[in-house]
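Here's a quick walk through one protein model, written for someone who'd rather be at the bench. Have the sequence and the 3D view open as you read.

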Amino acid sequence: MDSTQQTSKAPFTLSVLDNAHTAVGQTVEEAFDEVINLAQVADRLGYKRFWMSEHHAMPGAATSSPQLMLARLISETSNIRLGAGGVMLPNHAPLLIAEQFGMLNAMAPGRIDLGIGRAPGTDMATAAALRRHKHANENFGGQVDELLGFLNNSFPAGHPYQNVHAVPGPWQNAENRVPASQFSPEVWILGSSPFSAQLAAKLGRPYAFALQFGDADAANALRIYREQFQPSEILSEPYALVSLGVVAHDDPEEAARQARTAGMAMLRMFKRESYSLLPPEEVENYPATLNERHVLEVYDQRFVNGTGHDVAVALDRLYEQTQADEIMLVTMGSSRAVHVRTIELIAQHYGMRPAHVEQ
């Protein structure tokens with residue numbers, strides 16, 4: 001794995017994931033401007049990669065197509081790797097994703113990541129509208145194989161897609177006899193279960209574990225991944241990333257207030273209401289029932305919040321538990337300014353500097 005972007009005193013690499021959160025009272029246009037700003041700050045501070053996620057029919061998460069936003073971010077950043085974390089592959093035809101990310105990689109060679117997952121990124125009714133049939137993710141492994149076949153132009157003789165080529169892609173460069181991997185994005189397997197860990201290990205691909213979604217056992221998943229890892233042309237040794245929701249601020253109370261807005265958005269989703277980031281004052285005045293208070297308290301703990309030092313202590317503890325090669329900060333809360341402050345404080349704590357800066 002390339003590690004040229006970040007230098008810091010942390011024993012792990014640091015990256016950022018943005019869900020393009022759009023708080024109540026904020027336009028999508030404003031949110032996208034803030035996404036660009038966050039990516040630029042992360043690039044300047046020396047974070048390794050900046051990913052965006054795929055969500056649908058969720059007012060509080062505006063990236064239905066992370067690849068479209070990545071195309072814009074290519075011209076807005078210089079060094080940071082850009083990627084989808086991830087594309088929900090059962091929502092798409094693998095050939096389409098191979099071509100879209102082939103285009104992105106052609107525009108920013110060596111800077112594009114393609115994280116793929118099998119969750120719908122939405123509720124089941126919206127998933128049905130996206131996927132057309134309810135069994136779309138039952139052959140996820142086969143869909144991944146098909147995607148890799150298109151990305152690497154590697155279908156065997158006799159395969160139905162042997163003569164179907166993703167453009168742009170390695171097929172166009174075959175006469176130059178250049179390895180296909182140079183013309184493909186870096187493909188990651190995403191998940192939060194032993195299934196995804198086993199698939200990433202079998203394929204010899206980097207693995208990203210999404211801890212922000214629940215209290216799944218990240219340490220066990222990474223153990224399975226490392227124990228079952230099979231070296232590939234892409235990766236000779238296992239490489240694992242863990243992502244989690246964080247809010248850091250100079251004022252720990254403000255960090256907690258912002259984290260609660262994200263917890264309330266999750267509660268609303270569980271109640272089949274829209275996933276919306278309400279103002280902190282509205283969240284504080286919400287007359288929660290006993291069960292609702294329990295849900296909010298769970299997310300208060302799940303989304304790490306506090307001062308930069310407080311959050312860093314939690315990151316260090318996560319590293320001790322998982323030995324993750326990389327930790328990805330999923331910025332949370334209704335205030336986009338707090339998202340920026342979060343990554344500034346964490347970079348400051350770990351003494352991060354871009355590797356191209358003179359030491």
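How do the residues of the lining of the largest cavity divide into nonpolar, polar and charged? There are 7 nonpolar, 3 polar and no charged residues. Keep in mind that this is a predicted model.

**The cavity and the second largest pocket**

The structure holds 1 cavity of 30 Å³ or more, and about 30 Å³ of space lies in the largest cavity. Its lining is made up of 10 residues, and Ala-98, Leu-151, Pro-168, Gly-169 and Pro-170 are the closest to its centre. Helix H3 (94-107) and H5 are the elements that give two or more residues to that lining.

Now for the second largest pocket, which has a volume of about 380 Å³. It has 18 lining residues, with Leu-211, Leu-244, Gln-301, Arg-302 and Gln-321 nearest its centre. Two or more residues each come from helix H7 (218-228), strand E8 (240-248), helix H10 (290-302) and helix H11 (308-322). H11 gives the most, with 5 residues.

Here are the two linings by class:

| Lining | Nonpolar | Polar | Charged |
|---|---|---|---|
| Largest cavity | 7 residues | 3 residues | no residues |
| Second largest pocket | 9 residues | 6 residues | 3 residues |

**Around Ser-184**

Leu-151, one of the residues closest to the centre of the largest cavity, also turns up next to Ser-184. That serine sits in the loop between helix H5 (140-152) and strand E6 (186-191). Is Ser-184 buried or exposed? Its relative accessibility is 10%, so Ser-184 counts as buried, the cut-off being under 20%. The side chain of Ser-184 reaches the backbone oxygen of Leu-151 at 2.8 Å. Leaving aside residues up to four places away in sequence, Ser-184 touches Asn-105, Leu-151 and Asn-152.

**Asp-43 in H1**

Next up is an acidic side chain. Asp-43 is found in helix H1 (residues 28-45). With a relative accessible area of 8%, Asp-43 is buried too. What does its side chain lie 3.0 Å from? The partner is the backbone nitrogen of Ile-80, and the distance runs to a polar atom of the Asp-43 side chain. Thr-77 is also worth a look: Asp-43 and Thr-77 are 34 residues apart in sequence, yet 6.4 Å apart in space, C-alpha to C-alpha.

**Strand E5**

How many of the residues of strand E5 (residues 112-117) are buried? The count is 6 of the 6, so E5 is largely enclosed by the rest of the structure. Follow the side chains along the strand: Ile-112, Leu-114 and Ile-116 point one way, while Asp-113, Gly-115 and Gly-117 point the other way. Residues on both sides of E5 are buried. As for pairing, E5 runs parallel to strand E4 (residues 81-88), and 6 bridges join the two. One of the residues to look up there is Gly-83, whose bridge partner in E5 is Asp-113.

**The whole chain**

Stepping back, the protein has 12 helices and 11 strands. Of its 359 residues, 54% count as buried. How are the contacts spread along the sequence? Among contacts between residues at least 6 apart in sequence, 74% join residues at least 24 apart.

Notes. Residues numbered from 1 in each chain as written. Predicted model: local features only at pLDDT ≥ 70, side-chain atom pairs only at ≥ 80, totals over all residues. Heavy atoms only, no water. Helix = DSSP H or I, 4+ residues; strand = E, 2+ residues; numbered from the N terminus. Buried < 20%, exposed > 50% of the residue type's maximum accessible area, 1.4 Å probe, protein only. Polar contact = N/O pair within 3.5 Å; in protein donor to acceptor, adjacent residues only side chain to side chain. Contact = heavy atoms within 4.5 Å. 1 Å grid on protein atoms, 1.4 Å probe; cavity = no way out; pocket = protein on both sides within 12 Å on 5 of 7 lines; lining within 4 Å. Points joined across faces, edges and corners; volume = space filled by probe spheres on them. Nonpolar A, V, L, I, M, F, W, Y, C, P; charged D, E, K, R; others polar. Pairing = 2+ DSSP bridges.
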